[in-house]
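Hi,

Here is the structure we talked about handing over. Have a look through it first, and my notes come right after.

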Amino acid sequence: MSKTTTANPPDATDADVLGSICQAIVRRQRFLLTSHARPDGDSIGSQLAMAYALEALGKQVRLVNADAAPDHYREFPGVDRIEIASSSNAEADALIVMECSDLARTGVAGLDQHFIINIDHHAGNRMYGALNWFDESAAACGEMVFDLIRALGVPLSPEIATHIYLAILTDTGSFHHSNITPRTFDICRQTVESGVNPAAMARRVFDSNSFGKLKLIGALLDAMELVDGGRLAVLYMDDRMLESSGGSYDDTDGINNFPLTVKDIQAVAFFKDAGPGDWRVSMRSKGDVDVGAIARSYGGGGHKNAAGFTVAGTLEQVRPQIIGRLVTAIGEGLKSRPEKF
Ligand code: AMP
Ligand code: MN
């Protein structure tokens, strides 16, 4: 059984919390669903799988996010139903927040008045809900949503299966990260039995780039620096690079996985210019190299192999300390036993 913490009661198990969430859902009619700002495949997939399941139970559902889904997710079922707003006064009997370690991660103001159901797998979840289900062992929040949908007795429709698979495919870094378990494949098996075509999904998610994104990848890799004897790759991006390549900010999503395809590179730091004096740092790593802990110490979050944060200062000011932390994390991570097949 995975470790679960909940606000009420303090020593509840996964099964208790899941049962309480099911009861709360069955008793309520109108639901508002949200996820984190700058949504990724897990936030979109978890949110929409949940939406279709609630509607299968005859519930009313509205979805709100701070930012639009990246282009390559827009053709997935229901994505066009997500309202984009920086604040919401929607009436609902419950708000289900997925993928957010605190409510501020939604980027949507006005949500604190609701009866909140918090479903998340990010370490450091603040337990801000009336019901809190936190399972750090889930490879994607979509795995938790899958369990909830099953517990509610809703069959896997093609739409639900598609969104669960999308969540898992993207949050495992297309089955690369160290958070994958037998449960991950068991859930994926069930989604494939319900009609998901893994090859078509991979094509839509990973082989749907614009030409501008390809040019941007070229420019970023051209300017990439190697540190720590080639074990750490550092990428930088500013507006000038975006303009000259014709790529968009959304296109930067996933680019930091590329350097990891090099055998010796153990971690990647991607510095993105995020407006005056701010840098968004997005990190990726292999095996036991823990970038999640670094992100949390800077007020951000994420997982062992994929995490991020925003930091104030010039690049010259922020870069040395962050690089130092990553070099230490690589040294620590490589001390453990080599990954076995
Ligand atoms: P990204 O590098 O933006 O793809 O994010 C990688 C992972 O870290 C995802 O699970 C994000 O939800 C999480 N993450 C990124 N930035 C933050 C942040 N500022 N606060 C909390 N979690 C974050
Ligand atoms: Mn996730």
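Below is what turned up, starting with the metal site and moving on to the rings.

A quick word on ground rules: this is a predicted model, where local features need pLDDT of at least 70 and side-chain atom pairs count only at pLDDT 80 or more, while totals for chains, interfaces and linings use all residues. Residues are numbered from 1 along each chain as its sequence is written, chains are lettered from A and ligands numbered from 1 in the order in which they are written, and side-chain values use heavy atoms, with hydrogens and water left out.

The manganese ion (ligand 2) has protein donors from D42 (OD), E99 (OE, twice), H121 (NE2) and D171 (OD), lying 2.1 to 2.8 Å from it. (Donors are N, O and S atoms within 2.8 Å of the metal, or 3.2 Å for Na, K and Ca; water is not among the atoms, so sites may look incomplete.) Along the chain, the donors are spaced D-x56-E-x21-H-x49-D. E99 and H121 are both buried (under 20% relative accessible area, with a 1.4 Å probe and protein chains only).

Now the rings: the whole structure has 5 aromatic pairs, meaning Phe, Tyr or Trp (six-membered ring) centres within 6.5 Å. Y298 and F309 are stacked (planes under 30 degrees apart), at 4.4 Å centre to centre and 10 degrees between the planes. Y298 and F309 are buried too. Ring pairs also join Y165, F175 and F185 into a cluster.

Finally, the charged end of R28 sits over the ring of F115, 3.8 Å from its centre (the cut-offs: NZ of Lys or CZ of Arg within 6 Å of the ring centre and within 35 degrees of the ring normal).

Cheers

Methods
Rings of Phe, Tyr and Trp (its six-membered ring) pair if their centres lie within 6.5 Å; planes under 30 degrees apart count as stacked, over 60 as edge-to-face and the rest as tilted. Buried means under 20% relative accessible area, exposed over 50%, partly exposed in between (1.4 Å probe, protein chains only).
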